[in-house]
Amino acid sequence: MSRNNCIYCGQPITERSREHVIQNAIGGMYESVDICCPQCNNYVSKYIDAPFTKIFNPIISGIDNFSKTNNKKSLQPCTGTVSYNGQMYHANIKGGKVVNCPDLSRALHCDATELPLKIESYDFNLENTAFKNGMAKIAFNYALDQGIDFNKIKHGLNVQKSGRNITNISFDYPLIPFCALNPLDLRIELETPFTPYHSLILFRQNHKLWCYIDLFNTFQFYVLMSDKMPGNNKVYNTYAQTLQKIDRSEPDLDIHRPKDILICAKDYGVEPCMDLEEFKKRVRVAIQQKSQKISLDKIITPKAEYVSYNCILDTQISTPEKILLGQHVALYFDDDDRLNTNNFRTVTLGSAPDDILSYPELINYTAKQSQTYLHEYSNAKFAVLNNFLCQNTK
Ligand SMILES: [Zn+2]
């Protein structure tokens, strides 16, 4: 069903415009044509997307083959911490290169950027309005595109107007930082090889509508869209995509024996055939069609398998922890080892195995007791990202 009126200005939509659910500047590929008019699309870019996507500049420049742009010249500068002779200094960085390090330059009376500086970490400001607005907009767009009634979530949208012109757009929905509260999630997030991806999970639980957002597999938040969502029909949707451009060049197929055709067919997911030209054509088509959009199952299942396998072998992990881990594997995965997307990131287990708790509400409760564990988790998550970026931008 398509919407007739723009959600920002309320005017009839006479011309469809593509709005990215996740901002295109940070690699978002998922578009909706059903949200706003072209004019308001521009306002959203100006007031929400531009300030928001700036926050992620260090990552965009740090990911090889980033799907949006590889042009390092077009990148905005950012800030971070660099080390020189074991001391840390604040620096301005652009495209993975230190462009200015005033404190060190002053101390040594020279241009510090000529020295062998090592980028140790990047700054990410998550406490500002731009961050909150950008995250809320993703949740808002996703909910609308998945068919949630605008009237049920419009309380969080603020549009300021001067005459017919929109002078500001902002969002006001509670944001809860995700924190891994069980050993399976903790190990999936911190102990499996880092690959940047975006994912979204929209779900209803206890009359609340939540959107879980994970950007770059680092910025993980629950957005509370509504706490008045009664009803029985299920709301549960997921979206996931990778961020690195897929190599679509044609491979050199190494085929000498009939058996090689079977091996290649399996690698590229095509039907084997003995006509070599026809077979190459099938591989070409398969490569072209491969999309960065991926099911969440395809991302999480290999990570959980990695964790399970390593934990079974690890004698350092206590038996009670192994049991708890196994119980969460059973909560998240069905009998065919497929991710049970109803449970993943929406619930976790309490002290007893049949004690199923709301994940965001348990985080809220934990945060009220103490912030320490939450900070430790987010610091550990940023350390993984920084490690990835600093290795990539050397
Ligand atoms: Zn409009």
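1. Helices are DSSP runs of H or I with at least four residues, strands are runs of E with at least two, and both are numbered from the N terminus. By that rule, L313 belongs to helix α9 (residues 296-313).

2. A word on the source. This is a predicted model, in which local features need pLDDT of at least 70 and side-chain atom pairs count only at pLDDT 80 or more, while totals for chains, interfaces and linings use all residues. Residues are numbered from 1 along each chain as its sequence is written, and side-chain values use heavy atoms, with hydrogens and water left out.

3. Start with the metal. Four sulfur atoms coordinate the zinc ion at 2.3 Å: the SG atoms of C6, C9, C37 and C40. Donors are N, O and S atoms within 2.8 Å of the metal (3.2 Å for Na, K and Ca); water is not among the atoms, so sites may look incomplete. Along the chain, the zinc donors follow the spacing C-x2-C-x27-C-x2-C. C9 sits in the segment before β1 (19-20) and C37 in the loop between β2 (31-32) and α1 (38-54), so this pair ties together parts that are 28 residues apart in sequence.

4. What is the geometry of the zinc site? The site is tetrahedral, with angles of 104 to 116° among its 4 donor atoms. The label applies to four donors if all angles lie between 85 and 135 degrees. Ideal angles for four tetrahedral donors are 109.5 degrees.

5. Are the zinc ligands C9 and C37 buried or exposed? C9 is buried, at a relative accessible area of 18%. C37 is buried too, at 11%. Buried means under 20% relative accessible area, exposed over 50%, and partly exposed in between (1.4 Å probe, protein chains only).

6. Next, the salt bridges. The structure holds 16 of them. Each is a side-chain nitrogen of Lys or Arg within 4 Å of a carboxyl oxygen of Asp or Glu. E189 pairs with R345, their closest N and O atoms being 2.9 Å apart. This pair links distant parts of the chain: E189 is in helix α6 (residues 183-191), and R345 is in the loop between α10 (319-332) and β14 (347-349), 156 residues apart. Both E189 and R345 are buried.

7. K208 and E361 form a salt bridge at 3.1 Å, N to O. K208 lies in strand β11 (residues 208-215) and E361 in helix α11 (residues 359-369), so the pair ties together parts that are 153 residues apart in sequence. K208 is partly exposed at 21% relative accessibility. E361 is partly exposed at 28%.

8. R257 and D260 meet in a salt bridge at 2.8 Å, N to O. R257 is partly exposed, at 44%, whereas D260 is buried, at 7%. Elsewhere, salt bridges that share partners join D185, E189, R345 and K381 into one network.

9. Now a core position. I93 is in strand β4 (residues 87-94). I93 is buried, at 0% relative accessibility. Leaving out residues up to four places away in sequence, I93 touches P77, C78, T79, G80, V98, V99, I119 and Y122. Contact means heavy atoms within 4.5 Å. The C-alpha atoms of I93 and Q205 are 43 Å apart, with their positions 112 residues apart along the chain.

10. Back to L313. L313 is exposed, at 56% relative accessible area.

Technical notes: Tetrahedral: all angles 85-135°; square planar, octahedral: opposite > 155°, others 65-115°.
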